[in-house]
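Biologist: Could you zoom in on one residue here and then walk me outwards from there? Keep it relaxed, but give me the cut-offs as you go.

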Amino acid sequence: MIREDPSIKISLIQERINSEFSYKVSYRKTWMEKQKAIALEYGDWEELYAKLSSWLTHMQNHSPGSYFQILHDDFIVGNRVSHEHRQFHRVFWIFGQCKEAFKYCKPIIQVDDTHLYEKYRGTLLMATSQDGNGHGFWPTCVNTSLIRMEFV
């Protein structure tokens with residue numbers, strides 16, 4: 001079920017388990033098992049976050065002119081800033097080719113966003129533009145701002 005639709009509602013999973021196995025499972029247990037299934041299918045959030053910087057560095061090394069920036073917020077425990085943890089705030093990247101191509105685009109940028117829900121809330125922004133002939137929308141840059149992501 002998770003493979004077909006990772007955003008499937010917990011109530012639908014509960015319904016299916018109840019109909020197939022005649023077993024009523026709690027919301028909390030269903031939610032926890034869904035998180036485990038997502039981690040098995042797509043990878044653990046902490047694992048993926050640990051690879052983010054190396055992926056972006058690899059992109060920068062193989063796409064000349066590319067740029068990225070990862071920003072963190074202070075992680076507060078009680079009333080003190082924890083130096084053992086950091087809280088992801090946002091990542092920005094732009095491909096070198098897009099930066100170069102933008103010189104030949106109309107001086108208009110369209111910005112679109114999509115809101116992220118569930119455990120990791122935030123916004124994914126994409127800036128695009130059209131070329132001089134009015135063809136296509138070319139990605140100019142990508143920025144994501146997530147909240148509630150804590151990593152050791």
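Modeller: Let's start with Tyr-49, which is found in helix α3 (helices are DSSP runs of H or I with at least four residues, strands are runs of E with at least two, and both are numbered from the N terminus). This is a predicted model, so local features need pLDDT of at least 70 and side-chain atom pairs count only at pLDDT 80 or more, while totals for chains, interfaces and linings use all residues. Residues are numbered from 1 along each chain as its sequence is written, and side-chain values use heavy atoms, with hydrogens and water left out.

Tyr-49 has a relative accessible area of 11%, so it is buried (buried is under 20%, exposed over 50%, partly exposed in between, using a 1.4 Å probe and protein chains only). Its C-alpha sits 9.0 Å from that of Phe-88, with the two positions 39 residues apart in sequence.

Follow α3, residues 45-62, out of its end and you get to Ser-63, in the loop that leads to β1 (67-77). Ser-63 is at 7% relative accessibility and therefore also counts as buried. If you skip residues up to four places away in sequence, Ser-63 touches Phe-95, Gly-96 and Gln-97, where contact means heavy atoms within 4.5 Å.

Now go back towards the N terminus, to another serine in a loop: Ser-22 is located between α1 and α2. Ser-22 has 67% relative accessibility, so this one counts as exposed. Its phi is positive, about 55 degrees, even though Ser-22 is not a glycine.

What about the two helices joined by that loop? The axes of α1 (residues 10-21) and α2 (residues 27-42) come within 10 Å and cross at roughly 105 degrees (axes are lines fitted to C-alpha atoms, for helices over the stretch in contact, with angles from 0 to 180 degrees between N-to-C directions). That makes α1 and α2 roughly perpendicular, therefore (the window for that is 65 to 115 degrees; under 35 is roughly parallel, over 145 roughly antiparallel, the rest oblique). On the α1 side, the contact uses Ile-10, Ile-13 and Gln-14, and α2 brings Tyr-27, Thr-30, Trp-31 and Lys-34. By type, the residues of this contact are four nonpolar, two polar and one charged.

One last stop, over in strand β3 (residues 110-116): Gln-110 lies there. Gln-110 has a relative accessible area of 28%, so it is partly exposed. Its C-alpha and that of Ala-127 are separated by 5.6 Å, though the two residues are 17 apart along the chain.

Technical notes
Nonpolar A, V, L, I, M, F, W, Y, C, P; charged D, E, K, R; others polar.
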